[in-house]
Amino acid sequence: MDYFTNLTWKDSIKDIIDILIVSYIIYKLMQLVRGTRAVQLLKGIFVLVLTWGISTWFNLYTLKWLMNQMFTFGVVSVLIIFQPELRRALEQLGRGKLFRSSSIQEMDVSITVNEVIKCVNYLAKRKIGALIVFERDTGLNEYTESGIKMDSRISSELLINIFIPNTPLHDGAVILRGSQIAAAACYLPLSENPFISKELGTRHRAAIGVSEVTDAISVVVSEETGQVSLAINGLVVRDIKEESLISKLHSELAPKPKMSEKTPFWKRKGGNNG
């Protein structure tokens, strides 16, 4: 009660800001682990914390000692188990406005999307499998180095030729960097998400996997059905229609406006009235 009695308005504002920041961090963490195996691990940790609370409340000495030992060594275990999620969180932190790269802002989005759509339509009609990855802020050098370096100007004809079966580069992913084909026949990390449909094969798991550990966007053509899928942030949209695919690619790949290019707030209202 003394705390509330001596609370000043400055302390109140500080506490409110503190609570809002912590709430936002928890919200972002929940977004980060949603749909991943980390959810099951968090449930296990919750059970352990609940057990520790019960042992403390009822003063169960042996059980409390056991829980304390588990928490002592559990920190290191959590860092190891959550390594992919922690890496993803730090990468997302690094993609903030302060660290945003300017190279992606120079990308000719329209040409790239048009060429990819032409290629995807051609391959889908003939049920030829393909995996195309768009690099964004997170560099994909570790994956381009696993394939054949190309650094070629993008064209639908070249993309189609790469994925024609029984050719040297058809197996693996093509990685696009801006309007360039950076590399072909690249190996990507496979997703270990247990919630992915069993119907999806290695190509789809690779598309989802690279979108889990980076901010890359993947477009997949199924060689079984000819359906086109889009993977972003570890989530996949199956059998996406052409109009939706074009719209989504443009919205995700569009250059972000620089601070200096943004309209000042005092001109946002009534600025078009002459």
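Select asparagine 166 in this predicted model, and you will find yourself in the loop between α8 and β3. Asparagine 166 counts as exposed because its relative accessibility is 75%, above the 50% that marks the exposed class. Its phi is near 65°, a positive value in a residue other than glycine. Most residues other than glycine have a negative phi.

From the loop, step back into helix α8 and select phenylalanine 163. Is phenylalanine 163 buried or exposed? With a relative accessible area of 1%, phenylalanine 163 is buried. Show its surroundings and, leaving aside neighbours within four places in sequence, you will see that phenylalanine 163 is in contact with Leu123, Ile128, Gly129, Ala130, Leu131, Ile132, His170, Gly172 and Val174. Alanine 173 lies 10 residues from phenylalanine 163 along the chain, and the C-alpha atoms of the two are separated by 9.1 Å.

Next, select helix α6, residues 109-125, together with α8, residues 156-163. Two packed helices are described by the angle between their axes and the distance between the axes. For α6 and α8 the angle is about 40° and the axes are 8 Å apart; the two helices are therefore oblique to each other, and their crossing is right-handed. To display where they meet, pick Glu115, Val116, Lys118, Cys119, Tyr122 and Leu123 in α6, and then Ser156, Glu157, Leu159, Ile160 and Phe163 in α8.

Stay with α6 and look along its length. The 17 residues of α6 should span 24 Å at 1.5 Å a residue, and the C-alpha atoms at its ends are 24 Å apart, which agrees. Colour its buried residues, which are Val109, Thr112, Val113, Glu115, Val116, Ile117, Cys119, Val120, Leu123 and Ala124. These buried residues pack against β1, α8, β3, β5, β6 and α10, the last of which covers residues 242-253. Just after α6, select lysine 127, which takes a positive phi of about 55°.

Now bring the strands into view. Seven of them form an open sheet with mixed pairing, and their order across the sheet is β2-β4-β3-β1-β5-β6-β7. Which strands stand at the edges, each with a single partner strand? They are β2 (148-153) and β7 (235-237), so one side of each is left without a neighbour in the sheet. From one strand to the next, the twist averages 20°. With the sheet displayed, add α6 again: this helix packs on the sheet, where it touches β1, β2, β3, β5 and β6, and its direction makes about 165° with that of β1. Then add helix α9 (residues 202-213), which also packs on the sheet and touches β1, β5, β6 and β7, with a direction that makes about 175° with that of β5.

Within the sheet, select β1, residues 130-134. β1 is mostly covered, for five of its five residues are buried. Turn the view to follow their side chains: Ala130, Ile132 and Phe134 point one way from the strand, Leu131 and Val133 point the other way, and all are buried. Strands of a sheet pair through backbone hydrogen bonds, either parallel or antiparallel. β1 pairs with β5 in the antiparallel sense over five bridges, and valine 220 in β5 is the bridge partner of leucine 131. With β3, however, β1 pairs in the parallel sense over three bridges, and here isoleucine 132 has valine 174 as its bridge partner.

Follow β5 to the loop between β5 and β6 and select serine 222. Serine 222 is buried, with a relative accessible area of 7%. Apart from its neighbours within four places in sequence, serine 222 is in contact with Lys127, Gly129, His204 and Gln227.

Finish at the β2 edge of the sheet. Strands β2 and β4 (residues 180-186) run antiparallel and are joined by four bridges, and arginine 153 stands opposite glutamine 180 in β4. The last residue to select is alanine 185, also in strand β4. Its phi is near 60°, a positive value in a residue other than glycine, and alanine 185 is buried, with a relative accessible area of 12%.

Conventions:
Residues are numbered from 1 along each chain as its sequence is written. This is a predicted model: local features need pLDDT of at least 70, side-chain atom pairs count only at pLDDT 80 or more; totals for chains, interfaces and linings use all residues. Side-chain values use heavy atoms; hydrogens and water are left out. Two strands pair if DSSP finds at least two bridges between them. Axes are lines fitted to C-alpha atoms, for helices over the stretch in contact, and angles run from 0 to 180 degrees between N-to-C directions. Contact means heavy atoms within 4.5 Å. The expected span of a helix is 1.5 Å times one less than its number of residues. Buried means under 20% relative accessible area, exposed over 50%, partly exposed in between (1.4 Å probe, protein chains only). Angles under 35 degrees count as roughly parallel, over 145 as roughly antiparallel, 65 to 115 as roughly perpendicular and the rest as oblique. A crossing is left-handed if the near helix is turned anticlockwise from the far one by less than a right angle, and right-handed if clockwise.
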